[in-house]
Amino acid sequence: TAALPVIAAFGGVIVPALVFISFNINTPFLNGMGIPMATDIAFAIGILSLLGNKVPVGLKVFLTALAVIDDLIAIIVIAVFYTQTISVIYVGISIFIFAVLLLMNKMKINSLLPYLTGGFLLWICMFNSGIHPTLSGVLLAFALPFGKGDERSISHKLQYALHYPVALFIIPLFALANTCVVFTSGWYENLLHTASLGIVFGLIAGKPIGILLFSKIGVKLNICKMPDGVSIKQLWGGGILAGIGFTMSIFITLLAFEDATIINQSKMAILFSSTIAGLIGYFWISSIKSRQ
């Protein structure tokens, strides 16, 4: 069961990227293939929650896990493919710090301060290495002791300590800083640009197709199984909602392109795609729910 969102996430990353490439092969915009890979977790789960308690818990868990995993994949893509120059020295120091954090975990050190200190140093070294420092947060999360996941776990304590500042300050600031969409005259015509078409079809069509295709292959090969109480149609609906890229896709856009015009066109395509995916996903799952 746990393997399903992992396999589906790879489908939700690979197929949208291939869709984007098909529109932009032999163009200078190929660097944007990472844009339709990501899912905006907050919006996707938020829209699913609007459907109420009649949506199967399995679908909520699946979409949450899927969104987290494909964002992790997107972060790795950022670190690997959107890095201009690499400092071997700082990369080496970053690996050493991460190894120390893992050793602290192995030694069952349950004080939060040493991990936060190490995480801060890891961020600085990652920033100076040329690799996008977003990856340092993921590495720190892996290094934190999880224990039994109860309230005594420092991973649990940090999660809840960050909940309000992240929800009320960091995410809104992140969204505002990265969005900045400018509506110019004839903006709708820009949706026919090859980069825009790659984003639109990658998010709206590539995401659900990739997620459903890889899920069915995984189930067929007995690698994973469908969540309890979740139908193929509902899984398709979850895949459609995964096409809401928004903040994460815009974030990758800023790394992929330098031309302000292309950046704004891509933002418009992301905003358009995310809106369409959200509406279709909502009404699709709602219609299935009403028939059951």
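Helix axes here are lines fitted to C-alpha atoms over the stretch in contact, and the angle between two of them runs from 0 to 180 degrees between N-to-C directions. With that in hand, let us walk through this predicted model, starting with how some of its helices pack and moving on to its pockets.

**Helix packing**

Helix 3 and helix 9 are a good place to begin: their axes lie 10 Å apart and make an angle of about 35°. The crossing of this pair is right-handed. Helix 3 brings Leu59, Phe62 and Leu63 to the contact, while helix 9 offers Gln234, Leu235, Gly238 and Leu241. By class, the contact of helix 3 with helix 9 holds five nonpolar residues, two polar and no charged.

Helix 9 (residues 232-241) also meets helix 8 (residues 194-220), with axes that come within 7 Å and cross at roughly 140°. Angles over 145 degrees count as roughly antiparallel, and helix 8 and helix 9 are therefore oblique to each other. Their crossing is right-handed. From helix 8, the residues in contact are Lys207, Pro208, Ile209, Ile211, Leu212, Ser215 and Lys216, and they meet Ile232, Leu235, Trp236, Gly239 and Ile240 of helix 9. Here the contact residues divide into eight nonpolar, two polar and two charged. Leu235 of helix 9 thus appears in the contact with helix 3 and in the one with helix 8.

The pair of helix 5 and helix 6 has axes that come within 9 Å and cross at roughly 150°. These two helices are therefore roughly antiparallel to each other, and helix 5 passes helix 6 in a right-handed crossing. On the helix 5 side you will find Tyr115, Gly119, Leu122, Trp123 and Met126, which meet Ser136, Leu139, Leu140 and Ala143 of helix 6. Seven of the residues in this contact are nonpolar, two are polar and none is charged.

The axis values can be set side by side:

| Helix pair | Axis distance | Crossing angle |
|---|---|---|
| Helix 3 and helix 9 | 10 Å | about 35° |
| Helix 8 and helix 9 | within 7 Å | roughly 140° |
| Helix 5 and helix 6 | within 9 Å | roughly 150° |

**Pockets**

Now to the open spaces. The largest pocket has a volume of about 2100 Å³. Its lining counts 43 residues, and those closest to its centre are Ile41, Ile75, Leu162, Val166 and Ile171. At least two lining residues come from each of helix 2 (41-49), helix 3 (57-81), helix 5 (112-129), helix 6 (134-143), helix 7 (154-179) and helix 10 (246-256). Helix 7 gives the largest share, with 13 residues. The lining of the largest pocket comprises 28 nonpolar residues, 13 polar and two charged.

The second largest pocket has a volume of about 210 Å³. Its lining is formed by Asn105, Lys108, Asn110, Pro145, Phe146, Gly147, Lys148, Asp150, Arg152, Ser153 and Ile154. These residues of the second largest pocket divide into three nonpolar, four polar and four charged.

Definitions and conventions: Residues are numbered from 1 along each chain as its sequence is written. This is a predicted model: local features need pLDDT of at least 70, side-chain atom pairs count only at pLDDT 80 or more; totals for chains, interfaces and linings use all residues. Side-chain values use heavy atoms; hydrogens and water are left out. On a 1 Å grid over the protein atoms alone, a cavity is a set of points where a 1.4 Å probe fits but cannot get out, and a pocket is an open set with protein on both sides within 12 Å along at least five of seven lines; lining residues have an atom within 4 Å of a point. Grid points are joined across faces, edges and corners, and a volume is the space filled by probe spheres set on the points. Helices (H or I, at least four residues) and strands (E, at least two) are DSSP runs, numbered from the N terminus. Ala, Val, Leu, Ile, Met, Phe, Trp, Tyr, Cys and Pro count as nonpolar, Asp, Glu, Lys and Arg as charged, and the others, Gly among them, as polar. Angles under 35 degrees count as roughly parallel, over 145 as roughly antiparallel, 65 to 115 as roughly perpendicular and the rest as oblique. A crossing is left-handed if the near helix is turned anticlockwise from the far one by less than a right angle, and right-handed if clockwise. Contact means heavy atoms within 4.5 Å.
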